[in-house]
Amino acid sequence: MTPQPPPEPRNADGETRRVGVEIEFAGLPPRETAELVRELFGGEIKVLSPHRLKVTGTRWGEFGIELDTQYAHPDQTVVDAEAAGDSEWERMRLDFHARTRELIGDVVTGLVPTEIVCPPVPWDELEDLDALFEALRHHGAKGTDASLLYGFGLHLNPEVPSLEAESLLAYLRAYLLSAAWLREQIHVDITREVLPHANPFPRAYALRVLDPDYTPDLDTLIDDYLADNPTRNRELDMLPLFAHLRPDHPHELLRNKLVKARPTFHYRLPNAQLSEPGWGAVTEWNRWLEVERLAATPETLAERSAQFLARHRPSAPRRWLTRLRRWVSRR
C-alpha cells in the first residue's frame with residue numbers, strides 16, 4: 001500500500017512533513033525487537049536497562065523499544081539521587097533497585113506489551129517503515145485481536161502543517177466531524193473501547209468548537225481544551241502540541257513527564273492489527289487523511305459543522321431550561 005499525499009505535504013518551514021509512529025504488541029520481547037529493527041534499518045543497539053533499549057543511527061534517527069510499564073525500568077529519580085552519593089551502602093541500594101526492576105520486567109514480559117517508538121518519518125517514506133510491521137508479524141508479534149486482554153494500539157503523530165490557531169482549529173473541527181467514521185472504519189476493539197486510552201471528546205466540547213462564532217486565539221484554544229479535556233486519554237490528544245506551543249503554561253497536564261512536547265497531533269485511535277496481512281502505518285495514515293482533506297476545504301467543513309450542530313445542539317427552550325436549573329442549583 002502506498003501512502004497518499006496530504007493536502008498540505010510540507011510544514012511551515014517548507015520541509016516534507018514527518019509522522020511519528022508508536023506500536024504496541026505482545027509475543028516479542030524488547031531485546032529481540034531491537035535486533036529486528038537493526039536488521040531492517042541498520043544502526044546500533046544501546047541497552048539503557050534490561051527491558052529498555054534504543055537503536056541509534058538509522059536512516060530516520062532513533063528507535064525506542066521497551067516494555068510498556070514504568071515498573072520494569074529503573075526509576076530515574078532514584079538512580080540520580082543514589083548515584084550522587086559515593087558510599088558502599090548507596091551503591092548496594094542502587095544495585096538492589098536495578099535488579100528488582102529487572103525481575104519485575106522478567107515476570108511481566110508477555111503480560112504487558114512491548115512498545116516501539118519510531119523516529120519521525122517523512123510521510124512519503126511510510127511505505128518503507130511498513131517493512132517493520134511485516135517483520136513483526138513474521139516473528140510472532142501479536143496485535144490487538146489476538147486476545148481479549150490485548151488493548152494494544154497504534155499511534156500516529158503527524159507533524160502539523162501550521163502552528164497558527166486558525167489552522168489548528170480547522171484540524172480539530174475536522175477530527176470531531178470525522179471521529180465516528182474513523183471508529184467505524186477501524187472497528188475499534190472492544191477491549192480498547194472499555195479502556196480509557198482513546199476516549200471520544202465530550203459532546204459539549206464538540207458543540208463549542210464547531211460553533212461558527214468560536215474564533216479563539218491560541219491561548220484561548222489551549223485553555224478551552226484543557227478545561228473540557230483534563231486528560232491524556234483523548235482519541236486525538238492535543239497535549240503534546242500544546243506543550244510544545246506553550247512550554248511555560250501552568251496547567252499540570254502540560255508539565256506531566258508523560259506528555260512529550262512536539263509539533264504534532266497525537267492520534268491514538270487505531271488498533272494494532274498485526275494479524276491482518278498488509279496492515280501497517282500506511283493503512284492508518286491513509287485513513288487519517290480524511291481528517292486532513294476536510295480541514296483543507298473550508299466550505300465543506302463549515303457545511304458539515306452546521307449539520308452537526310443542527311442534529312445535536314439543544315433547542316432554545318431546552319438551553320434556557322438547562323441554564324435555569326443551573327441557576328437554581330447554585331442558590
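**Exercise 1.** In this predicted model, decide whether Y267 counts as buried or exposed, and classify the aromatic pair that Y267 forms with Y175.

*Solution.* Begin with accessibility: a residue is buried when its relative accessible area is under 20%, and because Y267 stands at 0%, Y267 counts as buried. The partner, Y175, is likewise given a relative accessible area of 0% and is buried. Next, take the geometry of the rings, whose centres are 6.0 Å apart and whose planes make an angle of 70 degrees; since planes over 60 degrees apart count as edge-to-face, that is the class of the pair Y175 and Y267. Then place the two residues along the chain: Y175 belongs to helix α5 and Y267 to strand β9 (residues 266-267), with their positions 92 residues apart, so that the pair links distant parts of the chain. Finally, widen the view to the aromatic cluster, which includes Y175 and Y267 together with, among others, F201, F242 and W288.

**Exercise 2.** Describe the second largest pocket by its volume, its lining and the element that gives the most to that lining.

*Solution.* The volume of the second largest pocket is about 410 Å³. Its lining comprises 20 residues, and those nearest the centre are E166, L169, A170, R173 and L301. Two or more lining residues come from each of α5 (165-186) and α11 (298-312), with α5 giving the most, seven residues. By character, the lining divides into 14 nonpolar, three polar and three charged residues.

Terms used:
Residues numbered from 1 in each chain as written. Predicted model: local features only at pLDDT ≥ 70, side-chain atom pairs only at ≥ 80, totals over all residues. Heavy atoms only, no water. 1 Å grid on protein atoms, 1.4 Å probe; cavity = no way out; pocket = protein on both sides within 12 Å on 5 of 7 lines; lining within 4 Å. Points joined across faces, edges and corners; volume = space filled by probe spheres on them. Helix = DSSP H or I, 4+ residues; strand = E, 2+ residues; numbered from the N terminus. Nonpolar A, V, L, I, M, F, W, Y, C, P; charged D, E, K, R; others polar. Phe/Tyr/Trp six-rings, centres within 6.5 Å; stacked < 30°, edge-to-face > 60°. Buried < 20%, exposed > 50% of the residue type's maximum accessible area, 1.4 Å probe, protein only.
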